[in-house]
Amino acid sequence: LRKADLAVCPQCWLEQLEAGRSKSYHLSMNSAWLPRPVRTCLRHRVKLVELPYKDYTTCYDHPVRSKLQYGWLNNLTSMIEQQNPSAFEVALLKQVFQHEALCPWLDDAQVDVFERWSLGLGFFIERGAGRVADLDQRSQRQMIDIGYRITTAGKTALHVAVDQALGKHGI
């Protein structure tokens, strides 16, 4: 579930610095930023930004990492990119923090497997065939949401959508 790397909301960190709540060596992380599929700060609707990386000795030390690249912290404003959270991100965080099922009709779906399922299903519904790996991150998020919405609509909706896609794409 956890990211291989750390990402932060530049808007949250700017607010911490501007309010004087934190020094640059003590900026806080938000647990909502840690799950791998989460790429958006839900509070600000801002794309998360990966911290600079040197090696495994500092990989989980976010204050050190924020200083690895000279001037990185001074450029937080330029890193702010608006991005709406995906339906999958919102549902995932509800599962983690509010114990709501990611998909009510599936028992304890493993998050990474369910995300890949949603991506593959969304891609198949929209495009039929091809390589999911060729999609950019924005397109992948869209495909995940399409597959997620179809799956959570229930088994019948899932079967209907797959049957329609088979016909639509001549498969």
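Which residues of α4 are buried? They are F88, E89, A91, L92 and L93, where buried means under 20% relative accessible area, exposed over 50% and partly exposed in between, with a 1.4 Å probe and protein chains only.

Before going on, a word on the ground rules. This is a predicted model, in which local features need pLDDT of at least 70 and side-chain atom pairs count only at pLDDT 80 or more, while totals for chains, interfaces and linings use all residues. Residues are numbered from 1 along each chain as its sequence is written, and side-chain values use heavy atoms, with hydrogens and water left out.

**The whole chain**

The chain has 7 helices and 4 strands. Helices (H or I, at least four residues) and strands (E, at least two) are DSSP runs, numbered from the N terminus. Read from that end, the order is β-α-β-β-β-α-α-α-α-α-α. Along the principal axes, the C-alpha atoms fill a box of roughly 55 × 35 × 30 Å. Of the 171 residues in the chain, 44% are buried. Contact here means heavy atoms within 4.5 Å. Among contacts with a separation of 6 or more, 69% are between residues 24 or more positions apart.

**Helices α4 and α6**

Take α4 (residues 87-98) to begin with. The expected span of a helix is 1.5 Å times one less than its number of residues. With 12 residues, α4 should span 16 Å, and its end C-alpha atoms are indeed 16 Å apart. The cover over its buried residues includes β2 (40-41), α5 (111-127) and α6 (137-152).

The same check works for α6: its 16 residues should span 22 Å, which agrees with the 22 Å between its end C-alpha atoms. The buried residues of α6 are S139, Q140, R141, M143, I144, D145, G147, Y148, I150 and T151. Their cover includes β2, α4, α5 and α7 (155-168). After α6 comes G154, with a positive phi near 120°.

How do the two helices meet, and at what angle? They pack at about 65°, with axes 8 Å apart; axes are lines fitted to C-alpha atoms, for helices over the stretch in contact, and angles run from 0 to 180 degrees between N-to-C directions. On the α4 side the residues are A87, F88, E89 and A91, and they meet R141, I144, D145, Y148 and R149 of α6. By class, that contact has 5 nonpolar, no polar and 4 charged residues. For the classes, Ala, Val, Leu, Ile, Met, Phe, Trp, Tyr, Cys and Pro count as nonpolar, Asp, Glu, Lys and Arg as charged, and the others, Gly among them, as polar.

G147 is worth a look while you have α6 on screen. It is buried, at a relative accessible area of 0%. Leaving out residues up to four places away in sequence, G147 touches S118, L121 and G122. The C-alpha atoms of G147 and L121 are separated by 4.9 Å, though the two residues sit 26 apart along the chain.

**Cores**

A nonpolar core is a set of buried Ala, Val, Leu, Ile, Met, Phe, Trp, Tyr and Cys residues joined through side-chain atoms within 4.5 Å. The largest has 35 residues, of which C9, W13, W33, L48, W72, L76 and L102 touch the most other members. At least two residues of this core come from each of β1 (7-8), α1 (10-19), α3 (76-79), α4, α5 and α6. There is also a second, separate core of 7 residues, including F124, I125, A161 and A165.

**Cysteines and odd backbone angles**

What about disulfides? A search of the whole structure finds 0, with a disulfide taken as a pair of cysteine sulfur atoms within 2.5 Å. The cysteine sulfur closest to that of C41 belongs to C9, and at 3.6 Å it is too far for a bond. C41 is buried at 3% relative accessibility, and C103 is buried too, at 2%.

Two residues other than glycine have a positive phi, as the table shows.

| Residue | Phi | Loop | Relative accessible area |
|---|---|---|---|
| R45 | about 55° | between β2 and β3 (46-47) | 41%, partly exposed |
| H99 | near 60° | between α4 and α5 | 71%, exposed |

H99 comes just after α4.
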